[in-house]
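Colleague: Thanks for making time to go through this one with me. Shall we look at it together?

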Amino acid sequence: MTQRGAAPDEYPPAPSAPAPPRDDVRPATRYLSLDEARAIECNGCGDCCDSRRTAGFWTWGELPADQYAPMNAGAPLIIPLEAIEGGGWRDRARTELDGATLSMTRFRCAAFTSAVDDSAGSCGLHDRERPARCGEFPVGGEAIERELREHGDAPLQTGAFPRCSWYAMVVVPDADPRRATNSR
Ligand code: SF4
Ligand code: SF4
């Protein structure tokens with residue numbers, strides 16, 4: 001759903017990414033076929049639905065001018081955020097830069113019901129139309145199929161989300177011997 005990418009020079013730098021878990025508590029990498037990875041269900045933690053849950057690390061790219069308002073009864077669905085000096089975040093208006101392909105817009109989603117604290121939340125649009133990338137992250141869509149084809153494996157972009165159902169996973173071809181090394 002969201003993405004990381006190279007930021008245009010004018011864009012404010014991302015705050016530091018959250019520290020990854022220590023090696024002694026980080027689970028071993030699991031290697032799954034695409035079918036296996038797609039059989040896993042999102043646990044609804046919501047950590048990919050709001051930049052504040054990763055201290056601004058996770059961002060939204062290419063935010064359309066309508067901010068998906070038709071999916072949210074006419075009100076903006078994805079709302080850009082800016083950091084407040086001294087701590088915290090506030091809403092800001094969308095700019096043209098947010099619409100750039102490689103934009104890195106810190107955001108909140110109006111459909112997410114638990115925004116800042118550490119608890120799980122829920123998506124108010126779960127059974128309705130959502131932005132396409134919401135359903136594609138991290139193993140839906142064609143991009144992962146292309147990555148698998150072109151690179152032989154596809155490490156999932158879940159490193160910032162220790163609670164994610166797909167944390168510490170790599171998608172590999174069905175016949176890849178690394179699938180036999182899984183210990184969990
Ligand atoms: S629409 Fe749902 S899945 Fe997409 S960012 Fe909002 S809360 Fe998350
Ligand atoms: S971080 Fe993973 S488990 Fe959590 S809401 Fe996003 S896709 Fe689902």
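Modeller: Happy to. A residue counts as buried if 20 or more other C-beta atoms lie within 10 Å of its own. Please keep in mind that this is a predicted model.

Colleague: With that cut-off in hand, what share of the residues of the protein counts as buried?

Modeller: The protein has 184 residues. Judged by the threshold of 20 or more C-beta neighbours, the buried share comes to 28%.

Colleague: And which pattern do the helices and strands follow along the sequence?

Modeller: The protein contains 3 helices and 6 strands. Read along the sequence, they give β-α-β-β-β-α-α-β-β.

Colleague: Among contacts between residues at least 6 apart in sequence, what percentage joins residues at least 24 apart?

Modeller: Contacts here are pairs whose C-beta atoms lie within 7 Å. Of the contacts between residues at least 6 apart, the part that joins residues at least 24 apart is 70%.

Colleague: Let's turn to the open sheet of 3 strands. Which are its edge strands?

Modeller: The order in this sheet is β3-β2-β4, and the pairing is antiparallel. Two of the strands pair on one side only, and these edge strands are β3 (89–91) and β4 (107–109). Neighbouring strands are turned by 40° against each other on average, direction ignored. So that you have the general background: strands of a sheet pair through backbone hydrogen bonds, either parallel or antiparallel. To end on the names you asked for, the edges are β3 and β4.

Colleague: Which residue in β4 does Ile79 stand opposite?

Modeller: Strand β2 covers residues 78–83 and pairs with β4 in the antiparallel sense over 3 bridges. Opposite Ile79, in β4, stands Arg108.

Colleague: Now the largest nonpolar core: which strand supplies the largest share of it?

Modeller: This core has 30 residues, and those with the most contacts inside it are Ile78, Trp166 and Val171. At least two residues come from each of β1 (30–32), β2, β4 and β6 (169–171). Ile78 touches, beyond four places in sequence, Trp60, Leu63, Gln67, Tyr68, Phe107 and Cys109. The largest share, 3 residues, comes from β2.

Colleague: Is Asp98 buried or exposed?

Modeller: Asp98 lies in the loop between β3 and β4. Residues it touches, leaving out those up to four places away in sequence, are Leu63, Pro80, Ser103 and Thr105. Pro64 is 34 residues away in sequence, yet the C-alpha atoms of Asp98 and Pro64 are 7.9 Å apart. Because Asp98 has 24 C-beta neighbours inside 10 Å, it counts as buried.

Colleague: Why does Met169 count as buried?

Modeller: Met169 is found in strand β6. Beyond four places in sequence, Met169 is in contact with Arg30, Leu32, Ala37, Leu156 and Thr158. The C-alpha atoms of Met169 and Thr158 are separated by 8.1 Å, with their positions 11 residues apart along the chain. Met169 is buried because the number of other C-beta atoms within 10 Å is 23.

Colleague: On to the ligands. How many charged residues are in the shell around ligand 1?

Modeller: Ligand 1 is surrounded by 10 residues, the closest being Cys49, Cys109, Phe112, Cys123 and Cys134. The shell has 9 nonpolar and no polar residues, and the number of charged ones is 1.

Colleague: And how many polar residues does the shell around ligand 2 have?

Modeller: The residues surrounding ligand 2 include Cys42, Cys45, Asp47, Phe137, Phe161 and Trp166. By class, 7 are nonpolar and 1 is charged, and the number of polar residues is 4.

Key: Residues are numbered from 1 along each chain as its sequence is written. Chains are lettered from A and ligands numbered from 1 in the order in which they are written. This is a predicted model: local features need pLDDT of at least 70, side-chain atom pairs count only at pLDDT 80 or more; totals for chains, interfaces and linings use all residues. A residue is near a molecule or strand if its C-beta atom, placed from the backbone, lies within 6 Å of it. Ala, Val, Leu, Ile, Met, Phe, Trp, Tyr, Cys and Pro count as nonpolar, Asp, Glu, Lys and Arg as charged, and the others, Gly among them, as polar. Helices (H or I, at least four residues) and strands (E, at least two) are DSSP runs, numbered from the N terminus. A residue is buried if 20 or more other C-beta atoms lie within 10 Å of its own, exposed if 12 or fewer, and partly exposed in between; C-beta atoms are placed from the backbone. Two residues are in contact if their C-beta atoms, placed from the backbone, lie within 7 Å. Two strands pair if DSSP finds at least two bridges between them. Axes are lines fitted to C-alpha atoms, for helices over the stretch in contact, and angles run from 0 to 180 degrees between N-to-C directions. A nonpolar core is a set of buried Ala, Val, Leu, Ile, Met, Phe, Trp, Tyr and Cys residues joined through C-beta atoms within 7 Å.
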